[in-house]
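Biologist: I would like to go through this model with you. Tell me what each label rests on.

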Amino acid sequence: MSKLQKAKGFKKSKPGTYLSIGTSLFGAVSILKQAKKARLENDKLMLTDAVISAAAVVTGVALLIRELRRIGDDDVLAD
């Protein structure tokens, strides 16, 4: 098995999915900072960008959670 195949396998594993969720949530911290700065500066365009970015993070985490559930359903040893 090549390193690329191992990396792709990790991405679809439970630990890889948890890592992706954590990374996404860590990115949400900068979005919150951006939103706070936009409110303080009364910058509607920057606030809109922060809201759209937050929606993308929420959607991404939801997709990862769905993937995590699918991985759990495929687990023969889970029963």
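Modeller: Start with contact, which means heavy atoms within 4.5 Å. Among contacts in the protein chain between residues at least 6 apart in sequence, 58% join residues at least 24 apart. Two ground rules follow. This is a predicted model, where local features need pLDDT of at least 70 and side-chain atom pairs count only at pLDDT 80 or more, while totals for chains, interfaces and linings use all residues. Residues are numbered from 1 along each chain as its sequence is written, and side-chain values use heavy atoms, with hydrogens and water left out.

Biologist: How do you know what confidence the protein chain has?

Modeller: From pLDDT, the predictor's confidence in each residue, from 0 to 100. The mean for the protein chain is 84, and 77% of its residues reach 70 or more. Among the elements, helix α1 (residues 3-11) has the lowest mean, 55, and α2 the highest, 93.

Biologist: What makes a stretch count as a helix or a strand?

Modeller: Both are DSSP runs, numbered from the N terminus: helices are H or I with at least four residues, strands are E with at least two. By that rule the protein chain has 3 helices and 0 strands. The order from the N terminus is α-α-α.

Biologist: How do you know that the span of α2 agrees with its 28 residues?

Modeller: The expected span is 1.5 Å times one less than the number of residues. For α2 that comes to 40 Å, and its end C-alpha atoms are 41 Å apart, so the two agree.

Biologist: Which atoms meet at the start of α2?

Modeller: A side-chain oxygen of Ser13 reaches to within 3.2 Å of the backbone nitrogen of Gly16.

Biologist: Why is Ile31 called buried?

Modeller: Buried means under 20% relative accessible area, exposed over 50%, and partly exposed in between (1.4 Å probe, protein chains only). Ile31 has 12%, so it is buried. It is found in helix α2. The buried residues of α2 are Gly16, Thr17, Ile21, Ile31, Ala35 and Ala38. Over the protein chain, buried residues make up 16% of the 79 residues.

Biologist: Why is Asn42 called exposed?

Modeller: Its relative accessibility is 66%, so Asn42 counts as exposed. Asn42 lies in the loop between α2 and α3. It has a positive phi of about 55° although it is not a glycine.

Biologist: Why does Gly60 get the label partly exposed?

Modeller: Gly60 has a relative accessible area of 24%, so it is partly exposed. This residue lies in helix α3. Gly60 and Ile21 are 39 residues apart in sequence and 8.2 Å apart in space, C-alpha to C-alpha.

Biologist: What makes a set of residues a nonpolar core?

Modeller: The members must be buried Ala, Val, Leu, Ile, Met, Phe, Trp, Tyr or Cys residues, joined through side-chain atoms within 4.5 Å. The largest one here has 7 residues: Ile21, Ile31, Ala35, Ala50, Val57, Val61 and Leu68. Helices α2 (14-41) and α3 (44-74) each supply at least two of them. The most come from α3, with 4 residues.

Biologist: Which residues do Ile31, Ala35 and Leu64 touch?

Modeller: I leave aside residues up to four places away in sequence. On that basis Ile31 touches Ala50, Ser53, Ala54 and Val57. Ala35 is in contact with Leu47 and Ala50. Leu64, in helix α3, touches Thr17, Ser20, Ile21 and Ser24. Leu64 and Ser24 are 40 residues apart in sequence, yet 9.7 Å apart in space, C-alpha to C-alpha.

Biologist: How many Å² of accessible surface does the protein chain have?

Modeller: About 6,400 Å², of which 64% belongs to carbon and sulfur atoms. The method is Shrake-Rupley with a 1.4 Å probe; for residues, only the protein chains shown count as cover.

Note on methods: Polar contact = N/O pair within 3.5 Å; in protein donor to acceptor, adjacent residues only side chain to side chain.
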